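Here is a report on one protein chain. It moves from the overall fold to single residues.

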Amino acid sequence: MTNENCIIYSGIFFQIEWYFDSRGYSQAFEYFQECNVSQKRKFLLLCQKLGDFGKIHDETKFRNEGDKIFAFKPQPDRYLCFFQRGKKVIVTNGFRKRGRKMPRNEKELALKNMADYLVRHLGEEE
């Protein structure tokens with residue numbers, strides 16, 4: 001995946017992008033590709049709302065999960081992300097929510113991906 005095709009949505013306030021690793025793999029994008037049309041539409045509408053309005057007030061749709069990780073919540077899916085300089089939101093991973101609490105391994109993956117992104121892109125951002 002290249003920087004050009006990692007963009008999910010460019011809005012007035014934010015540009016939402018897929019995270020991809022050094023090999024060009026994006027777990028979040030792969031998960032998205034496997035979703036049905038309705039699930040994709042729900043996620044893309046939330047991206048558009050955040051990108052165009054800068055905030056989603058409804059915590060059932062977008063929420064701070066702590067440790068600088070946020071979650072898009074298009075039922076029944078979750079897409080974890082973080083905010084980055086340059087008005088970017090980076091979507092790190094996607095999964096289907098099965099219980100009341102977020103699986104620890106999903107948040108750990110988001111934190112790992114965020115750390116990797118910052119190391120690899122810090123020079124580009126400054």
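The text below covers the fold, one helix, the loops and the charged pairs.

## Overall fold

This is a predicted model. The chain holds three helices and six strands. Read from the N terminus, the order of elements is β-β-α-α-β-β-β-β-α. The radius of gyration is 13 Å, and the globule rule gives 14 Å for 126 residues, so the chain is as compact as a globular protein of that length. Along the principal axes, the C-alpha trace spans about 40 × 30 × 25 Å.

How much of the chain is buried? Buried residues make up 41% of the 126 residues. The exposed surface of the chain comes to about 7,400 Å². Carbon and sulfur atoms supply 51% of that area. Contacts reach far along the sequence. Of those with a separation of 6 or more, 51% join residues 24 or more positions apart.

## Helix α2

Helix α2 covers residues 37–53. Its 17 residues should span 24 Å at 1.5 Å a residue, because the expected span counts one less than the number of residues. The end C-alpha atoms are 24 Å apart, which agrees.

Both ends of the helix have a local feature to check. At the start of α2, a side-chain oxygen of Asn36 comes to within 3.0 Å of the backbone nitrogen of Ser38. Just after α2, Gly54 adopts a positive phi of about 80°.

Which residues of α2 are buried? They are Gln39, Phe43, Leu46, Cys47, Leu50, Gly51 and Asp52.

## Loops and backbone

Three loops deserve a look. The loop between β3 (62–66) and β4 contains Asp67. Phi of Asp67 is near 60°, a positive value in a residue other than glycine.

Next comes the loop between β4 (69–72) and β5 (77–84), which contains Pro76. The peptide bond from Gln75 to Pro76 is cis, with omega near 0°.

Lys87 sits in the loop between β5 and β6 (88–96). Phi of Lys87 is near 55°, again positive in a residue other than glycine. Is Lys87 buried or exposed? Its relative accessible area is 52%, and the cut-off for exposed is over 50%, so Lys87 counts as exposed.

## Salt bridges

Side chains of opposite charge can pair when their charged atoms come close. The structure holds five salt bridges. The table gives three of them, including the N to O distance.

| Basic residue | Acidic residue | N to O distance |
|---|---|---|
| Lys88 | Glu17 | 3.7 Å |
| Arg23 | Asp21 | 2.6 Å |
| Lys107 | Asp67 | 3.0 Å |

Start with Glu17 and Lys88, whose side chains meet in a salt bridge. Glu17 lies in strand β2 (residues 15–18) and Lys88 in strand β6, so the pair ties together parts that are 71 residues apart in sequence. Glu17 has 6% relative accessibility and counts as buried.

Arg23 and Asp21 form another of the salt bridges. Arg23, at 70% relative accessibility, counts as exposed. Asp21 is buried, with a relative accessible area of 12%.

What does Asp67 pair with? Its side chain meets that of Lys107 in a salt bridge. Lys107 lies in helix α3 (residues 104–125) and Asp67 in the loop between β3 and β4, so this pair links parts that are 40 residues apart in sequence. Lys107 has 18% relative accessibility, under the 20% cut-off, so Lys107 counts as buried. Asp67 is also the residue with a positive phi near 60°.

## Around Glu65

Glu65 lies in strand β3. At 18% relative accessibility, Glu65 counts as buried. The side chain of Glu65 makes a polar contact with the side chain of Arg63 at 3.2 Å.

Which residues does Glu65 touch, not counting residues up to four places away in sequence? They are Phe70, Ala71, Met102 and Lys107. Lys107 thus appears twice in this report: Glu65 touches Lys107, and the side chain of Lys107 meets that of Asp67 in a salt bridge.

Note on methods
Residues are numbered from 1 along each chain as its sequence is written. Side-chain values use heavy atoms; hydrogens and water are left out. Helices (H or I, at least four residues) and strands (E, at least two) are DSSP runs, numbered from the N terminus. Buried means under 20% relative accessible area, exposed over 50%, partly exposed in between (1.4 Å probe, protein chains only). A polar contact is a pair of N or O atoms within 3.5 Å; within protein, one must be able to donate a hydrogen and the other to accept it, and residues adjacent in sequence count only if both atoms are side-chain atoms. The radius of gyration is taken over C-alpha atoms; the globule rule is 2.2 Å times the number of residues to the power 0.38. Contact means heavy atoms within 4.5 Å. Accessible areas come from the Shrake-Rupley method with a 1.4 Å probe; for residues, only the protein chains shown count as cover. A salt bridge is a side-chain nitrogen of Lys or Arg within 4 Å of a carboxyl oxygen of Asp or Glu.
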